[in-house]
Amino acid sequence: MTAHVSYFGIRHHGPGSARRLLDALDDLRPAEVLVEGPADLSALLPTLASLSMKPPVALLAYPVNEPERAAFWPFAEFSPEYQAVCWAVRNHVPVRFIDLPVYWNFQPDEAEDSEQVSRTEETGDVLKLADRDDAFSDRDLQLRRDPIGALAEVAGYEDGESWWQDVIEENPAPGPVFEAVADAMSTLREHAGELPEREAAREAHMRLEIGKSLKQADGPVAVVCGAWHVPALQAKHTAKSDRALLKGASKVKIAATWAPWTAPRLATSSGYGAGVAAPGWCLHLWQTPGDDKTTRWIARIATALRAEGQIVSTASLIETERLAVSLAAVRGRPQPGYEELREAAISCLCFGNPLIFDTISVALLIGSDTGAIPDDVPMAPLLEDLQRQQKKARLKPEALERELSLDLRSDSGLFRSTLLHRLSILEVDWGRPIDPGKSRGTFRERWALRWEPEFAVQLVENLVYGASIEQAASGRTKSRLRESHALGALADLVYGAMTAQLSDAAEEGVRLLGSRAGQTSDCSEMLSALPALADILRYGAAREIDTVRLHTLFDRIATQAALSLPYAVRNLDAEASQALRSQIQAADGAIRLLDDQPDLQGIWQKALEAIIEEPQANRLISGLAARLLYEADLLSSDAAVELLARMLSPGTAVQDAAAYFAGFLEGAGQRLLYDDGLRGCVDTWLLTLEEDDFTEFLPLFRRVFASMDKTERRRLMDALFGNSVSGGSKMIAAPDAATRWPAHLDILARLLRGEAHG
């Protein structure tokens with residue numbers, strides 16, 4: 001039999017393309033199947049068709065000594081390439097890749113773009129091609145970047161995705177689709193200008209590989225490739241000219257394997273250049289080949305809505321299908337797509353409220369499927385390292401959540417904690433800290449462990465940072481350190497690095513912290529860095545880390561912040577004052593935590609005293625400064641009462657008095673239980689408020705008492721009315737109590753009992 005070539009131009013991850021490709025292969029019965037993909041990885045193709053292989057999966061390749069420069073080629077169940085490989089294996093037909101070998105991705109001038117290349121050019125995506133555009137006109141650029149979009153524009157569509165879905169993927173009777181697509185691409189390429197050098201090299205390599213098959217095959221040869229390439233592969237070129245385009249590439253030793261993938265990472269919204277808008281819908285189209293696609297999809301919508309507690313009737317489902325079909329007819333589409341079905345569902349099932357549909361849209365349109373690879377397939381380096389460390393830590397990945405308590409003084413506890421912290425840096429949240437704010441600085445940690453299948457995918461994606469868990473966590477931290485400029489963010493990253501025992505990243509972070517601290521004069525930024533630095537210094541005993549340099553850095557930043565603080569609190573608006581108050585509270589806690597530095601404590605206390613005396617200081621901040629000194633016993637009870645009375649006096653504007661009241665007592669309302677003077681001062685101020693002012697600031701009063709539990713509120717009420725054991729102070733009504741105080745008393749009593757909702 002004389003060999004000849006049949007070209008099948010497909011849309012990557014297109015279910016309609018996949019179905020029509022299988023029909024074409026059954027009719028052709030080729031002697032060999034050639035698929036667009038890295039030619040040097042063809043030996044891995046039979047594994048893709050294994051019964052133990054559950055898509056979505058991705059072909060993973062990287063230079064042997066540089067796994068952080070990994071590239072990925074994803075395959076879904078509805079991908080035409082995946083179905084072509086499975087067809088070939090089932091029918092005992094040779095199958096291989098024909099695109100440029102992997103090492104082309106790792107040439108010196110393309111090293112920085114290797115991941116992007118793996119997600120765009122190497123997938124041959126007909127919607128997003130190469131991005132080197134200096135020599136092309138606007139029209140040429142449009143044709144090169146979005147050839148389908150150009151066809152869609154001619155057909156009156158707004159975008160190429162909708163056009164391709166209607167004409168190819170969802171059309172029940174598209175006709176001779178591959179011939180029509182090839183003709184359309186030929187016309188488009190005539191007007192697209194010359195392609196970039198690398199794109200030309202790809203097509204030259206594919207032509208040479210096709211030529212080899214023609215010489216060896218005893219029968220038809222099927223070529224499955226992106227539709228955009230078909231005209232170039234059919235064109236006549238000499239082997240000599242094609243080989244000339246492939247000269248100059250340096251060979252690199254490559255390691256490759258299969259890795260599990262997830263449905264969300266097949267979506268264009270994930271940044272995947274060759275992705276599809278709705279992987280869940282594509283899978284539905286593939287798994288529902290009959291005429292009941294619309295009915296079954298509406299049934300899935302109903303199931304999802306009912307799971308969310310929505311009431312969905314059978315009559316509403318019937319109306320949904322009728323409306324979807326009508327919308328498709330009005331728009332001239334062969335059958336309802338997911339857009340028509342979404343709009344119909346919103347109208348008939350969600351009462352016209354798109355927010356209800358949004359609660360299920362991600363699960364429906366994107367999905368959460370996670371792939372799996374056979375046990376005998378070599379794992380990616382990070383997965384292998386994780387398995388080794390899981391075995392060493394005696395931690396088994398389990399789907400059910402369980403709690404783990406760790407003692408950091410033991411070697412096993414410290415090892416487990418370090419592993420979980422490193423995985424958290426890589427955004428592999430196998431372990432979730434329980435009450436992390438309470439356990440910081442202690443020798444114990446509590447974690448909730450739960451393993452999800454997609455964690456394997458997230459781990460593989462971190463190969464760009466290193467080949468082991470430690471290397472990847474360190475590399476990712478260093479990358480984030482270089483991208484961060486705020487002292488607070490840098491300090492948090494250094495804290496994370498030291499907690500995860502990443503000495504190189506921590507050292508670089510400390511260096512960047514010191515450099516940044518010397519460049520900034522922003523008090524707020526300096527204050528934000530102190531809590532994390534204090535946690536590092538406190539955690540050193542448990543983690544056995546070197547904190548000598550950090551002590552010096554902490555003193556330096558805290559001193560700078562204290563010196564600039566009295567000037568930073570002037571003339572602030574409400575939003576800025578709230579933010580600065582939170583930072584001052586956190587910084588005060590950090591400085592008091594390190595009680596072995598009396599000189600620094602003194603500098604900080606003088607800064608707080610200066611705020612109290614600063615007439616232009618925001619009253620919220622002034623109140624906080626007074627309370628912090630009062631709690632530290634640096635301001636006596638009599639002095640605090642005198643200061644509070646002066647700030648709440650009738651000569652002070654109600655707005656300023658309320659702000660000072662909030663600064664002094666919000667979060668510290670319990671002080672009123674034990675200090676008769678403070679309680680009497682507040683009582684007097686509340687009595688003098690006009691009813692409108694009292695009502696206006698009622699939410700503020702409630703926040704002040706929010707930190708008190710029911711028992712403490714009852715004790716405060718008893719103290720106000722003289723019923724406490726210690727005698728307490730009695731409430732004395734104002735002269736006009738009969739006309740004004742009853743309203744105040746009623747509201748205040750309910751507030752203290754926890755009944756007020758205003």
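Me: What makes Cys350 count as buried or exposed?

Reply: Happy to walk through this predicted model with you. Buried means under 20% relative accessible area, and Cys350 has a value of 0%, so Cys350 is buried.

Me: And why is Cys348 called partly exposed?

Reply: The class between buried and exposed runs from 20% to 50%. Cys348 has a relative accessible area of 24%, so it is partly exposed.

Me: How do you know whether Cys348 and Cys350 are bonded or too far apart?

Reply: A disulfide needs two cysteine sulfur atoms within 2.5 Å. The closest cysteine sulfur to that of Cys348 belongs to Cys350, and it lies 9.5 Å away, so the two are too far apart for a bond. Seen from Cys350, the closest cysteine sulfur is in Cys348, again at 9.5 Å. By this rule, the count of disulfides is 0.

Me: Thanks! Now the rings: what makes the pair of Trp451 and Phe455 edge-to-face?

Reply: Ring centres must lie within 6.5 Å to pair, and planes over 60 degrees apart count as edge-to-face. For Trp451 and Phe455 the centres are 5.3 Å apart and the planes make 80°, so both conditions are met. Both residues are buried.

Me: Why is the pair of Phe661 and Trp685 called tilted?

Reply: Here the centres are 5.2 Å apart, with 40° between the planes. Stacked would need under 30 degrees and edge-to-face over 60, so this angle falls to the tilted class. The pair links distant parts of the chain, with Phe661 in helix α30 and Trp685 in helix α32, 24 residues apart.

Me: How do you know whether Phe661 and Trp685 are buried or exposed?

Reply: The cut-off for buried is under 20%. Phe661 has 1% relative accessibility, so it counts as buried. Trp685, at 5%, counts as buried too.

Me: Which strands stand at the edges of the open sheet, and why?

Reply: The sheet has 4 strands in the order β1-β6-β2-β5, with parallel pairing. β1 (5–10) and β5 (95–99) each have a single partner strand, so one side of each lacks a neighbour in the sheet. From one strand to the next, the twist averages 30°.

Me: What makes β2 and β5 a pair?

Reply: Pairing takes at least two bridges. β2 (residues 32–38) and β5 have 4, in the parallel sense, so they qualify. One of the contributing partnerships joins Leu34 to Arg96 in β5.

How values were computed:
Residues numbered from 1 in each chain as written. Predicted model: local features only at pLDDT ≥ 70, side-chain atom pairs only at ≥ 80, totals over all residues. Heavy atoms only, no water. Helix = DSSP H or I, 4+ residues; strand = E, 2+ residues; numbered from the N terminus. Axes fitted to C-alpha atoms, helices over the stretch in contact; angles between N-to-C directions. Buried < 20%, exposed > 50% of the residue type's maximum accessible area, 1.4 Å probe, protein only. Phe/Tyr/Trp six-rings, centres within 6.5 Å; stacked < 30°, edge-to-face > 60°.
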